[in-house]
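Here is a set of short exercises to work through with a structure viewer open. Try each task yourself before reading the solution.

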Amino acid sequence: MKKNTNVSIRLIESAYKSKFKYLFSCAYLITGNERAAESILMKEMLSHPMPEEKDFEAILENIKYNSIKSVSKEDAALFSFSGDMTGITSPLSEWILTLDEKKARTIVLRYALDLSVKEISAVTGDSAEKIKAILERAKVRAFSQSKDHKGRKSSISLIRKAASEVIESACFPPDFNALLRSIERIIEDKNASSQRSFSVKPVISWLITGILMVFITLVIWMSVVLIDYLRVPKNVTGNTASVYNQSPTNTEG
């Protein structure tokens, strides 16, 4: 999945519009904090503004990973399902939402988002034993509601479907257009910063080059002066000595 830069905000809108609610809800289910979920989703959209359909699986994995890293005990305690419940249709989904929110959240984290027991424990603060008991109860309930009673595999499939349906009721996502405007401002600021950096770099380069040229010229000039300085005393001393050492010329005939 390639990272793209200098893209139109409309291309980002087109890529994420149909996936936005689901991705945000997944981040919220893990973080328990709408602002944190929004921040995580924005960073992912900025990193991968024009993903292809096949890229969204990796994007969701990034969102889950970053969401788990940002979980706090305070957010875990304040989590609540606060979305639109009118989309809930299956009896098993309705049953999940009759549980207390921590149990319902545990089931959705496991069977819709595929978090491990260890990861769920980090998110909810519950022990591994308690989490396993909740998940086992969900499987038993799914088996009891399975029409074909084909066993455990059918029950897991049923509970996964119900848990995925519950995601739609996790929360009310922020306004998508407002989020896009925030992303657009960030992109504009980055572009402006890049342009400033680009315009300053040549000046700095020319300045450094000029300083080096002056330094090199100065070194050459000083070298010439030093050579002349060293030569002159030797010549003068030599000439003087030769004059004094000459014998008087015999002019007598």
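The exercises below go from the overall fold to single pairs of side chains, and the model they use is predicted.

**Exercise 1. The overall fold**

Task: Find how many helices and strands the protein has, and what percentage of its residues is buried.

Solution:
- Start with the secondary structure: the protein has 11 helices and zero strands.
- Read along the sequence, the pattern is therefore α-α-α-α-α-α-α-α-α-α-α, with helices counted as DSSP runs.
- Next, look at burial: of the 253 residues, 33% are buried.
- Finally, consider the contacts with a separation of 6 or more: 75% of them join residues 24 or more positions apart.

**Exercise 2. The nonpolar core**

Task: Determine how many residues the largest nonpolar core has, which helix gives the largest share of it, and what Leu 29 touches.

Solution:
- The largest nonpolar core holds 56 residues.
- Those with the most contacts inside this core are Tyr 16, Leu 29, Met 45, Ile 96 and Ile 107.
- Helix α2 (residues 20–31) supplies the largest share of the core, eight residues.
- Now pick Leu 29 and leave out residues up to four places away in sequence: Leu 29 touches Phe 79, Phe 81, Arg 105, Val 108, Leu 109, Leu 113, Val 123, Ile 167 and Ala 170.

**Exercise 3. One face of a helix**

Task: Identify the buried residues of α8, and work out how they are arranged around the helix axis.

Solution:
- The buried residues of α8 are Ile 120, Val 123 and Thr 124.
- Looking down the axis of α8, these buried residues fall within an arc of 80 degrees, so they line one face of the helix.
- A reminder helps here: an α-helix has 3.6 residues a turn, so residues three or four places apart point the same way.
- What covers the buried residues of α8 includes α2, α4 (56–69), α5 (73–78), α7 and α9.
- Just after α8, look at the backbone too: Gly 125 takes a positive phi of about 85 degrees.

**Exercise 4. Salt bridges**

Task: Find how many salt bridges the structure holds, and then examine the partners of Asp 126.

Solution:
- The general idea is that side chains of opposite charge can pair when their charged atoms come close.
- The structure holds 11 salt bridges.
- Asp 126 meets Lys 102 in a salt bridge, at 3.4 Å from N to O.
- This pair links distant parts of the chain: Asp 126 lies in the loop between α8 (117–124) and α9 (128–145), while Lys 102 lies in helix α7 (residues 101–111), 24 residues apart.
- Asp 126 also forms a salt bridge with Lys 130, the closest N and O atoms being 3.8 Å apart.
- Check the surroundings of each partner: Asp 126 is buried at 7% relative accessibility, Lys 102 is partly exposed at 34%, and Lys 130 is partly exposed at 43%.
- For another example, turn to Lys 54 and Asp 55, which form a salt bridge with their closest N and O atoms 3.6 Å apart.
- Lys 54 is exposed, at 62% relative accessibility, whereas Asp 55 is buried, at 10%.
- Glu 52, Lys 54 and Asp 55 are linked in a network of salt bridges.

**Exercise 5. Cysteines**

Task: Explain why Cys 26 has no bond to the closest cysteine sulfur, in Cys 171.

Solution:
- Recall that a disulfide is a covalent bond between the sulfur atoms of two cysteines.
- A search of the whole structure finds zero disulfides.
- The sulfur of Cys 26 is 9.6 Å from the one in Cys 171, which is too far for a bond, because a disulfide needs the sulfur atoms within 2.5 Å.
- As for burial, Cys 26 is buried at 1% relative accessibility, and Cys 171 is buried at 1%.

**Exercise 6. Aromatic pairs**

Task: Find how many aromatic pairs there are, and classify the pair of Phe 20 and Phe 176.

Solution:
- The whole structure has five aromatic pairs.
- The ring centres of Phe 20 and Phe 176 are 4.7 Å apart and the planes are at 35 degrees, so the pair is tilted.
- This pair links distant parts of the chain, with Phe 20 in helix α2 and Phe 176 in helix α11 (residues 176–245), 156 residues apart.
- Both Phe 20 and Phe 176 are buried.
- Phe 79 and Phe 81 form an edge-to-face pair, with 5.1 Å centre to centre and 80 degrees between the planes.
- Both Phe 79 and Phe 81 are buried.
- To finish, add Phe 24: Phe 20, Phe 24 and Phe 176 form one aromatic cluster.

How values were computed: Residues are numbered from 1 along each chain as its sequence is written. This is a predicted model: local features need pLDDT of at least 70, side-chain atom pairs count only at pLDDT 80 or more; totals for chains, interfaces and linings use all residues. Side-chain values use heavy atoms; hydrogens and water are left out. A nonpolar core is a set of buried Ala, Val, Leu, Ile, Met, Phe, Trp, Tyr and Cys residues joined through side-chain atoms within 4.5 Å. Buried means under 20% relative accessible area, exposed over 50%, partly exposed in between (1.4 Å probe, protein chains only). Helices (H or I, at least four residues) and strands (E, at least two) are DSSP runs, numbered from the N terminus. Contact means heavy atoms within 4.5 Å. A salt bridge is a side-chain nitrogen of Lys or Arg within 4 Å of a carboxyl oxygen of Asp or Glu. The arc is that of the directions from the helix axis to the C-beta atoms. Rings of Phe, Tyr and Trp (its six-membered ring) pair if their centres lie within 6.5 Å; planes under 30 degrees apart count as stacked, over 60 as edge-to-face and the rest as tilted.
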